[in-house]
Amino acid sequence: MTSLSPVGPARTLPEPAAMLRLIKPVTWFPPMWAFLCGAVSSGVALGAEWPIVLLGIVLAGPITCGMSQAANDWCDRHVDAINEPDRPIPSGRIPGRWGLWIALAMSVLSLAVGSQFGPWGFGATVFAVIGAWAYSVEPIRLKRSGIWGPGLVGLCYEGLPWFTGAAILVAGAPRWEIVATAALYALGAHGIMTLNDFKALEGDRVMGVNSLPVTLGPDRAARVACWVMTVPQLVVVGLLLLWSKPIFAAVVAVLILGQFAAMRVMLRDPKAKAPWYNGTGVLLYISGMMVAAFALRGLA
């Protein structure tokens with residue numbers, strides 16, 4: 001078994017740079033963007049509400065998403081010793097139980113900030129914190145499932161922040177059109193998370209994590225991910241037409257066509273091209289989210 005002990009003198013305090021890497025700033029954008037989509041879709045004028053919108057974006061990204069990344073890295077430290085031994089915890093740059101303490105402290109911070117958003121915002125924050133730990137920690141560890149794991153992440157990255165952004169600004173339950181659209185994009189994000197699992201394929205296979213790339217193989221898992229990403233977006237197009245928003249529906253449809261072109265490239269070599277798709281096709285996906293948010297704003 002690969003050792004988790006660093007070479008050389010053991011550290012007693014974590015490196016500041018390693019703590020920043022632990023909470024992975026690159027992962028903050030999706031929930032921040034989804035929260036902003038929710039705020040836009042609410043129909044509330046954002047000019048006077050910018051302080052609460054800004055605080056919500058910070059809660060969704062650096063605080064809650066950062067907490068989930070710290071919790072995942074702590075619970076995944078043995079897998080990371082195989083896949084990415086240079087990560088902060090297995091490399092020893094965050095020594096001992098510091099990774100756990102950071103994740104727990106950020107969980108408390110998430111709940112404290114979430115409590116400032118009233119019952120809807122606080123309830124969503126509680127769900128997000130519970131979901132983050134349920135995804136990673138034993139014996140629950142939903143990430144072992146190629147169905148439940150990506151589904152939970154998609155919900156917490158896209159659907160829940162969207163719902164929260166709308167709920168906070170309307171000070172209540174968002175309209176059903178907003179909930180339906182947020183749920184559809186959260187469902188489609190399951191496919192995005194499946195593609196994200198390709199980078200940990202070898203370690204997941206060794207550690208018994210049954211991601212779809214492990215259980216189905218890279219080629220079949222990539223095809224499934226493409227279908228899961230596409231179908232909910234097509235439903236969104238249909239709903240926008242039903243809601244008399246044909247121009248917005250057409251723009252989302254064009255973005256889907258762009259994703260089809262990127263999918264063709266990715267499917268030639270899914271294991272190698274999945275990271276490339278995350279920087280191209282996913283950009284088109286989240287662009288469609290904002291287009292749909294502005295369409296919903298017009299329904300208010």
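These are my notebook entries on a predicted model.

**Entry 1: the core**

I began with the nonpolar interior. The largest nonpolar core has 68 residues. Seven residues have the most contacts inside this core: W133, W162, Y185, L195, M229, Y277 and M289. Which helix gives the most to this core? I found helix 13, residues 270-297, with 12 residues.

Next I looked up the neighbours of W133. Leaving out residues up to four places away in sequence, I listed M67, A71, C75, L100, A103, L104 and S107 as touching W133. Apart from the largest core lies another one, of 11 residues. F35, A39, A60 and F117 are among them.

**Entry 2: helix 6 and helix 8**

W133 is one of the buried residues of helix 6, so I checked that helix against the expected rise, and its length agrees. Helix 6 covers residues 118-136 and has 19 residues. At 1.5 Å a residue it should span 27 Å, and its end C-alpha atoms are 28 Å apart.

Which residues of helix 6 are buried? I wrote down G121, A124, T125, A128, V129, G131, A132, W133, A134, Y135 and S136. These buried residues pack against helix 3, helix 5 and helix 7. I keep one rule in the margin: an α-helix has 3.6 residues a turn, so residues three or four places apart point the same way.

Then I turned to helix 8, residues 176-196. Its 21 residues reach 30 Å from first C-alpha to last, close to the 30 Å expected. Helix 8 is mostly covered, with 15 of its 21 residues buried.

**Entry 3: salt bridges**

How many salt bridges does a search of the whole structure find? I noted 10. A reminder for myself: side chains of opposite charge can pair when their charged atoms come close.

I looked at R21 and D86 and found their side chains meeting at 3.6 Å, N to O. This pair links distant parts of the chain, 65 residues apart. R21 sits in helix 1, residues 16-22. D86 sits in the loop between helix 4 and helix 5. Are these two residues buried or partly exposed? R21 has a relative accessible area of 32%, so I call it partly exposed. D86 is partly exposed too, at 43%.

D73 and R87 form another salt bridge, at 2.6 Å, N to O. D73 lies in helix 3 and R87 in the loop between helix 4 and helix 5, so the pair ties together parts 14 residues apart in sequence. Both D73 and R87 are buried.

R87 also forms a salt bridge with D80, where the closest N and O atoms are 3.8 Å apart. Buried means under 20% relative accessible area. D80 has 5%, so it counts as buried. R87 has 9%, so it counts as buried as well. Then I traced the wider picture: K24, D73, D80, E84 and R87 are linked in a network of salt bridges.

**Entry 4: unusual backbone**

K24 came up again when I read the backbone angles. Its phi is near 45°, a positive value in a residue other than glycine. For reference, most residues other than glycine have a negative phi, and most peptide bonds are trans. K24 lies in the loop between helix 1 and helix 2. At 15% relative accessibility, K24 counts as buried.

R141 also has a positive phi, about 40°, and is not a glycine. I placed R141 in the loop between helix 6 and helix 7. R141 is buried, with a relative accessible area of 6%.

Where does P139 lie? It lies in the loop between helix 6 and helix 7. The peptide bond from E138 to P139 is cis, with omega near 0°.

**Entry 5: the surface, and one last pair**

I then looked for nonpolar residues on the outside. L13, W98, W101 and L104 make a nonpolar surface patch of about 400 Å². L104 lies in helix 5. At 37% relative accessibility, L104 counts as partly exposed. L104 also appears in Entry 1, where it touches W133.

Last, I looked up T280 in helix 13. T280 is partly exposed, at 25% relative accessibility. How far apart in space are T280 and A262? I noted 7.0 Å, C-alpha to C-alpha, for two residues 18 apart in sequence.

Methods: Residues are numbered from 1 along each chain as its sequence is written. This is a predicted model: local features need pLDDT of at least 70, side-chain atom pairs count only at pLDDT 80 or more; totals for chains, interfaces and linings use all residues. Side-chain values use heavy atoms; hydrogens and water are left out. A nonpolar core is a set of buried Ala, Val, Leu, Ile, Met, Phe, Trp, Tyr and Cys residues joined through side-chain atoms within 4.5 Å. Buried means under 20% relative accessible area, exposed over 50%, partly exposed in between (1.4 Å probe, protein chains only). Helices (H or I, at least four residues) and strands (E, at least two) are DSSP runs, numbered from the N terminus. Contact means heavy atoms within 4.5 Å. A salt bridge is a side-chain nitrogen of Lys or Arg within 4 Å of a carboxyl oxygen of Asp or Glu. Patches are made of residues with over 30% relative accessible area and no salt bridge: like charges are joined within 9 Å, nonpolar side chains (Val, Leu, Ile, Met, Phe, Trp, Tyr) within 5 Å. Accessible areas come from the Shrake-Rupley method with a 1.4 Å probe; for residues, only the protein chains shown count as cover. The expected span of a helix is 1.5 Å times one less than its number of residues.
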